[in-house]
Amino acid sequence: MDRRELLAFAGLCGLGATSGCLGYTVVERDAVTDRRVRIAELEAKLRAREEEMASLRAELDALRDRIAGPEVNLVRAVESWSRAGDVVTEQTDRVAGETLTAAVSYDYPVHPAAGGTGRADATVRVELRRGDDVVREAETRVRITLDRDQTLAESPLELAVSDLDAGEYALAARVVDNVSGLTSPTAETTVELG
């Protein structure tokens, strides 16, 4: 083999090796580009799902607000009742008179779906129990209008207790939404008569 043939053969081998590397580089760049496109597609899907989940959470919160019922915050025997807040400022653990005045503080939901008017139509019920026996009960129907930001209401109820034995009694209260029929969980406290 002469020198020219040897150089041509070496050049041919070098060109073959270089084209193999170049082919590999081109394939690798295509794979990277495909991966980047796929990642962008997945990120777009993820963003769309997150937006959909946020929308569904908002709908769920709205539905919860629509079905939210009243909640009793506090029930207490009071010395006297003249305004909201007396459930705390006038509370007593002992009643010595003929009448027990029970103050019931409760949250009443203002339903945005109903126009957010805040019209409350509820029945507030109290029971005086000794052991498992209900010895007195009273209820009052409440029709008031609340602001959207003010869902707190308070109602007094009176129970005649002059003919009851002295001792400890349970005073329980619950509120029923007359429109939806939803009833609050019962809140309870103890009071001493006599």
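This report looks at salt bridges, a charge over a ring, and one buried serine in a predicted model.

**Salt bridges**

How many salt bridges does the structure hold? The count is eight. Three of them are listed here, each with its distance from N to O.

| Acidic residue | Basic residue | Distance, N to O |
|---|---|---|
| Aspartate 121 | Arginine 143 | 3.7 Å |
| Glutamate 139 | Arginine 125 | 2.6 Å |
| Glutamate 127 | Arginine 174 | 3.6 Å |

Take the pair of arginine 143 and aspartate 121. It links distant parts of the chain, 22 residues apart. Arginine 143 belongs to strand E6, residues 133-145. Aspartate 121 belongs to strand E5, residues 119-130. Are the two partners buried or exposed? Arginine 143 is exposed, at 59% relative accessibility. Aspartate 121 is buried, at 16%. The cut-off for buried is under 20%, and for exposed it is over 50%.

Next come glutamate 139 and arginine 125, whose side chains also meet in a salt bridge. Glutamate 139 lies in strand E6 and arginine 125 in strand E5, so this bridge ties together parts that are 14 residues apart in sequence. Glutamate 139 counts as exposed, with 51% relative accessibility. Arginine 125 is partly exposed, with a relative accessible area of 28%.

The third pair is glutamate 127 with arginine 174. Here the partners are 47 residues apart. Glutamate 127 sits in strand E5, while arginine 174 sits in strand E8, residues 167-177. Glutamate 127 is buried, at 13% relative accessible area. Arginine 174 is partly exposed, at 24%. Which residues join into one network with this pair? Salt bridges that share partners connect Glu127 and Arg174 with Arg129 and Glu188.

**Rings and charges**

How many aromatic pairs are there? The count is zero. One ring does have a charge over it: the charged end of arginine 130 sits over the ring of tyrosine 169. It lies 4.6 Å from the centre of that ring.

**A buried serine**

Now turn to serine 105, in strand E4, which covers residues 99-107. Why does serine 105 count as buried? Its relative accessible area is 7%, and the cut-off for buried is under 20%. Which residues does serine 105 touch, leaving aside those up to four places away in sequence? Glu71, Val72, Asn73 and Leu74 are among them. So are Val87, Leu152, Ala153 and Glu154.

Methods. Residues are numbered from 1 along each chain as its sequence is written. This is a predicted model: local features need pLDDT of at least 70, side-chain atom pairs count only at pLDDT 80 or more; totals for chains, interfaces and linings use all residues. Side-chain values use heavy atoms; hydrogens and water are left out. Helices (H or I, at least four residues) and strands (E, at least two) are DSSP runs, numbered from the N terminus. Buried means under 20% relative accessible area, exposed over 50%, partly exposed in between (1.4 Å probe, protein chains only). Contact means heavy atoms within 4.5 Å. Rings of Phe, Tyr and Trp (its six-membered ring) pair if their centres lie within 6.5 Å; planes under 30 degrees apart count as stacked, over 60 as edge-to-face and the rest as tilted. A charge sits over a ring if NZ of Lys or CZ of Arg is within 6 Å of the ring centre and within 35 degrees of the ring normal. A salt bridge is a side-chain nitrogen of Lys or Arg within 4 Å of a carboxyl oxygen of Asp or Glu.
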